[in-house]
Amino acid sequence: VQLQASGGGLVQAGGSLRLSCAASGRTLSSYVMGWFRQAPGKEREFVARISWSGANTYYTSSVKGRFTISRDNAKNTVYLQMDSLKPEDTAIYYCAASSRYSTIAATYDFWGQGTQVTVSS
């Protein structure tokens, strides 16, 4: 499956962005979908994941209550709504697909190219 992330940009602290991840090549409903991010000089970290049907979601503590992951399997697309953004959210955001309900990057088989999110103070 090929993944294409989009929707990043520059936003002021407190603002919002909505990331999208469009899949092609295979139906997205076959995969757990996750969002990860990597800030300069830091390791890639887990942000959120959503189950195959979308019924279950999980977030890292630093984004809980501010970010919402969702999916539209009919459109083969996963979203990450990011509200109340903080400068520390600045990173390249990646979407990824896995056959496991996991927070571990190594268990994700397919990755998008990343989209830059920059939050100014």
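Two strands are taken to pair if DSSP finds at least two bridges between them. In the predicted model described here, an open sheet of four strands follows the order S1-S3-S8-S7, and its pairing is antiparallel. Strand S1 (2-6) and strand S7 (67-72) form the edges of this sheet, each pairing on one side only. With direction ignored, neighbouring strands of the sheet are turned by 15 degrees against each other on average. Within the sheet, five bridges connect S1 and S3 in the antiparallel sense. Gln2 has Ser24 of S3 as its bridge partner.

Further strand pairing involves strand S4 (residues 32-38). S4 runs antiparallel to S9, and the two are joined by seven bridges; Val32 has its bridge partner in S9, namely Ser98. S4 also pairs with strand S5 (residues 45-50), again in the antiparallel sense, over five bridges. Here Trp35 is matched with Ala48 of S5 as its bridge partner. The connection between S4 and S5 is a hairpin with six residues between the strands, and Gly41 in the turn adopts a positive phi of about 80 degrees. S4 is largely enclosed by the rest of the structure, because six of its seven residues are buried.

The model was next examined for disulfides. The count comes to one disulfide, which joins Cys21 to Cys95 with an S to S distance of 2.1 Å. The link of Cys21 and Cys95 is right-handed, with 65 degrees about the S-S bond. Distant parts of the chain are linked by this pair: Cys21 belongs to strand S3 (residues 17-24) and Cys95 to strand S9, the two cysteines being 74 residues apart. Cys21 has 0% relative accessibility and therefore counts as buried. Cys95 likewise counts as buried, because its relative accessibility is 0%.

Aromatic side chains were then considered. The structure holds seven aromatic pairs. One of them is formed by Tyr31 and Phe110, whose arrangement is edge-to-face, at 5.7 Å centre to centre and with 80 degrees between the planes. This pair also links distant parts of the chain, since Tyr31 is in the loop between S3 and S4, whereas Phe110 is in strand S10 (residues 108-111), 79 residues apart. Tyr31 is buried, with a relative accessible area of 6%, while Phe110 is partly exposed, at a relative accessible area of 27%. The rings of Phe36 and Phe46 have centres 5.7 Å apart and planes at 75 degrees, so this pair is edge-to-face. Phe36 lies in strand S4 and Phe46 in strand S5, so that their pairing ties together parts that are 10 residues apart in sequence. Both Phe36 and Phe46 are buried. Phe36 and Phe46 also belong to a cluster linked by ring pairs, together with Tyr58, Tyr94, Tyr108 and Trp111.

Two loop residues were examined individually. Asp89 is placed in the loop between strand S8 (77-82) and strand S9 (91-98). Despite this loop position, Asp89 counts as buried, because its relative accessibility is 0%. The side chain of Asp89 reaches the backbone nitrogen of Lys86 at 2.8 Å. Not counting residues up to four places away in sequence, Asp89 touches Arg37, Arg66, Phe67, Ser84, Val117 and Val119.

Ala13 is found in the loop between strand S2 (9-12) and S3. In terms of accessibility, Ala13 is partly exposed, with a relative accessible area of 40%. When neighbours within four places in sequence are left aside, Ala13 is in contact with Leu85, Pro87, Val119, Ser120 and Ser121. The C-alpha atoms of Ala13 and Thr118 are separated by 9.4 Å, although these residues are 105 residues apart along the chain. Val119 appears among the contacts of Ala13 and also among those of Asp89.

Note on methods: Residues numbered from 1 in each chain as written. Predicted model: local features only at pLDDT ≥ 70, side-chain atom pairs only at ≥ 80, totals over all residues. Heavy atoms only, no water. Buried < 20%, exposed > 50% of the residue type's maximum accessible area, 1.4 Å probe, protein only. Polar contact = N/O pair within 3.5 Å; in protein donor to acceptor, adjacent residues only side chain to side chain. Contact = heavy atoms within 4.5 Å. Disulfide = S-S within 2.5 Å. Axes fitted to C-alpha atoms, helices over the stretch in contact; angles between N-to-C directions. Phe/Tyr/Trp six-rings, centres within 6.5 Å; stacked < 30°, edge-to-face > 60°.
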